[in-house]
Structures are given as structure tokens and as C-alpha cells.
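Visitor: I am new to this structure and would like a close look at one part of it. Could you take me through how its helices pack and what lies in its core?

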Amino acid sequence: MPVRARVLLLVLCGTIFLEGIDVAMFAVAVPTIRSDLGLSTSEAAWVMSAYVLGYAGFTLLGGRAADLLGRRRMFLGALTVFLLFSGLGGFATTGWMLIAARLVTGVSAAFMTPAAMSIITTSYEEGPERNRALLVFAGTAAGGFSLGLVIGGLLTGFGWRWVFFAPVLLAGALLAAAVRLVPAEARPSRSGSFDVAGAGAAAGTMVLLAYGIVRLEHGAAGWWLTAGSFAAGLLLAGVFVAVERRAPAPLVRLGILRNAATVRADAGALLFVGSFFGFQFIATLYLQELRGWSSMRTALALVVMGCDAVLAPTLTPRLVNRFGNARVILGGFLLAIVSYGLFVPVGDDWSYVAMLPTLVLTGVAFALAYGPLAIAATSGVAESEQGLAGGLLHTSTQFGSAVGISAVTAVYGAVSSGHDRLEAFRAALVVPVGMVVLGAVLTAWGLRGSSPTPPLPESSGRAAEFVG
């Protein structure tokens, strides 16, 4: 790979690292922010949810906008907005200011991340070169989240506002490099026929469904609002399908959903990422609330899961080249089943050594599954729809994270009302186990009847095997 191509990949990976570290640092800082600004419980919940709603609600639109309006334009513009509103969040003095800043930051990430991914998939030739680039991209995202836990703990000690200001410094450096390195592209031929009605319906659908998922953690409280959000979201989804069928230049060409590889990869990503975030969330609660560990000690304990940042670009490409995409994905799901299953009988006096196998295996499982899922979601998709494919993938992962966290929270809340907290933690841990079991079944079903694909030479292309 030429030097310029390597540096471009470094910049693009820097943006997904920025997104991951931003989320992780903020998660660590929320208790301190809540105390300092005197936020109510509902305000604190909205501060956490605003980013997810913005990200999940507009990722599909962001991915297609990159295809139709220009990947470079969307990437640089979204990175600039991310930089500005992250900085504004650091100056927040009230809850609503923080909520607004996080919402817009999430929306900007929804445009930035699919654009970055589509620049990769259109700048590197499909096959070993693109696969390695996507695996590095995926590993960097996970590494950003893992390191963000530690960095967030350190920065919060100096003052929670640094959790917002630090990403500004990194974003500024990335923006300066991206202006020089991100390649210019021909003016999109359909830039004048943007599907406004479809964009509005898609964004509304995603926001309503994401809000309904986030509300699952409230259980029966306000059930009518949760049910109403899902009903309205599904109704608007029907409107969206009707609009797309009639639009001359649809936001989403519905035919892409007939691509079994893309659909199965997106579903697998939803389940895998959901299980990962659900486990991480409940493990953090266990260490801090039940064991009384500090946020810094908890972050240092969990950072070992970041081993995927090393394994994804080194070990995973070799495994994919030897065994094929789908078999490596299945291996990741099976390893995750073992990993989460080992933690289900957790006791109230477990040593860190007893927890370590789960933490290490979780990182290895992420390295095996996530990158190959990204490859499968974009392989065989036309260049003109790479942004859309990336948008579908990231929409799935954001919904997955919302589902995983909300589901474990709902189970924990329901069980803790009648049992001790340890039993509630154990019950909640069943959720990520169930999600990866379902993902393993889905992946294995895709392998049924498929003939083994012989290893290809390094110079030739390779389509994903993750098909039905």
C-alpha cells in the first residue's frame, strides 16, 4: 500500500477513534457532570440518550448523503460540526445546553462515520487491501472505546470539561490532515435530485424507534409512551417504503435489502455490538455499584478488552484469508458465547483474575467478528452505494448498542425489585449471552449449503462469503 494511502487510512481511522473515545470518555464523566451541574435523573438520562438518538436517527441519511452529495464534502463538513459542538459542550452550564450539544454531536457523527467508511471502500480495491483497511478501521473504533474509558477517568479528575475539549484538539488535527489527504471526487451526477421526503421519513423513523428502544429501560413506567414511539416509528417506516418505491432517485434503493450478505451482516452487527455494549454496561455497574470500585479502577480493569485493537489488523486478516469471512464471524460469536457465559455465575467477591478470562475473550471475540462483519456488509455493493451500505451498517450498530444497554437495564431493574443486586446482575448477563447465541445461529444458517471458498492469491479480489 503506498505511503499516501497509508496516511489517508490513518486519518480516516482517526475519526472513528475520535467517535469511540468521545462516547467512552463521556460515559465515565456523566456522574461527575450530573453532580456538578445539578442535573435531575431525567436530565442525566436525556444527556446520555441524546447522542444515541442523533447518531441512530441520521446515520442512514448520512450514508446516502455521502453517495449523493459527495463523500469528501460530507466528511469534512461533519468533522467540522463535530469539532465545534464538542467544544460547545465543554462550556455548558445547564442540562439543556449539554443535551443540545450531544444531540448535534451525534448527528454529525452520523454523517462523518459512514462517509469515512465509504471513502475507504471506494479508495482501496475490493479484496485483501480493502479487507485489511476495514479491519484496521474496526479495530481502531474498538481501541478508541477501550482507551476512552481510561482517558476519560484521567481527564475527569482534572475537570469534566476536558472530556469535551480533548476531542476538539484531536478533531482539529484530523481536519487539517483530511483537507490535504481526502481525495477529490467527480461531482455526483444526482446531486440535484435529493430525496427530501425519503430523508425526512427515514430520519423520523430512526429517531422514533431509537427513542422507543431507549425507553425500554424504564420498564412499565410510561409504557404508553414507549409503545406509542414504536407504533409511530413503524407507521412512518411504512410511509418511508411507500415514498422510496415512487421516488425517481430514492434515498435507499430498496433492492439493496435483497442482498442477503448485506442484510445478514447488518443483523449480525446489531446483535454482536448490542451484546458487547450490554455486557460492558452491566459489568461496569457490577464493579462500581456492587464492588465499590472507583471509575478509574473500573476503567483500568476493562481496558484489557482493547486487545482487539491489536488483533483486528494483525491476526484477523490472516484468519479471513484462510477460513473465509463467515467462518471467522461465526468463531467470534461462539467465542463471545463462552466469554459472556463464564461471567454469568459472577460472585460478589470474585478476584480480578477470575474475571480476566471473560475480559480477554470478549476483546478477542470483537476482533474476530466486527471487522469481518463490516467487510460482509459492503462487499459486492456498487461503488455508488457504498455510503448507503456503510449507513445501514452503522445504523444497525447504533440500534444494537441501544437495544443491548436498554435490555440489560430493563432486566436488571425488574429482577432487582424482588431479589438482591447480585441476582439482578446475573439475570441481566443472560441478555448478551442470548444475543450472541442468536447471532451465531444467524451466521451458521448463512453457511448452510455454501461450499468452501479456496484461499485466493493476495493480488486478487475476494467477495464476502456471508451470504444466504
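Guide: What follows is a walk through the core and then through two helix pairs. Please keep in mind that this is a predicted model.

Let us begin inside. The largest nonpolar core has 113 residues, and those touching the most other members are Phe75, Leu79, Ile120, Phe272, Phe279, Tyr286 and Phe343. The element that gives the most to this core is helix 9 (residues 260–290), with 13 residues. Tyr286 deserves a pause: setting aside its neighbours within four places in sequence, tyrosine 286 is in contact with Arg291, Phe343, Val346, Gly347, Asp348, Trp350, Met355, Leu422 and Phe425. There is also a second, separate core of 15 residues, with Leu39, Ala92, Leu98 and Phe164 among them.

Phe75 leads us to another residue, alanine 115. Phe75 is one of its contacts beyond four places in sequence, along with Ala66, Arg71 and Met74. Alanine 115 sits in helix 4 (residues 95–123). Its relative accessibility is 0%, so alanine 115 counts as buried. Alanine 115 and methionine 74 lie 41 residues apart along the sequence, yet their C-alpha atoms are 6.5 Å apart in space.

Now for the helix pairs. Two packed helices are described by the angle between their axes and the distance between the axes. Take helix 12 (residues 325–343) and helix 13 (residues 352–378): their axes are 8 Å apart, and the packing angle is about 155°. The two helices are therefore roughly antiparallel to each other. Helix 12 makes a left-handed crossing as it passes helix 13. Sorted by type, the residues of this contact are 19 nonpolar, 6 polar and no charged.

The other pair is helix 5 (residues 128–158) with helix 11 (residues 308–323), whose axes come within 7 Å and cross at roughly 165°. That angle makes helix 5 roughly antiparallel to helix 11. Here the crossing is right-handed. On the helix 5 side, the contact is made by Arg132, Leu135, Val136, Gly139, Ala142 and Gly143, and on the helix 11 side by Asp308, Ala309, Ala312, Pro313, Thr316 and Pro317. These residues divide into 7 nonpolar, 3 polar and 2 charged.

To find your way back, you could start from Phe343: this residue is named among the core members with the most contacts to other members, and Phe343 is also in contact with tyrosine 286.

Key. Residues numbered from 1 in each chain as written. Predicted model: local features only at pLDDT ≥ 70, side-chain atom pairs only at ≥ 80, totals over all residues. Heavy atoms only, no water. Axes fitted to C-alpha atoms, helices over the stretch in contact; angles between N-to-C directions. Helix = DSSP H or I, 4+ residues; strand = E, 2+ residues; numbered from the N terminus. Parallel < 35°, antiparallel > 145°, perpendicular 65-115°, else oblique. Left-handed = near helix turned anticlockwise from the far one by under 90°. Contact = heavy atoms within 4.5 Å. Nonpolar A, V, L, I, M, F, W, Y, C, P; charged D, E, K, R; others polar. Core = buried A, V, L, I, M, F, W, Y, C linked by side-chain atoms within 4.5 Å. Buried < 20%, exposed > 50% of the residue type's maximum accessible area, 1.4 Å probe, protein only.
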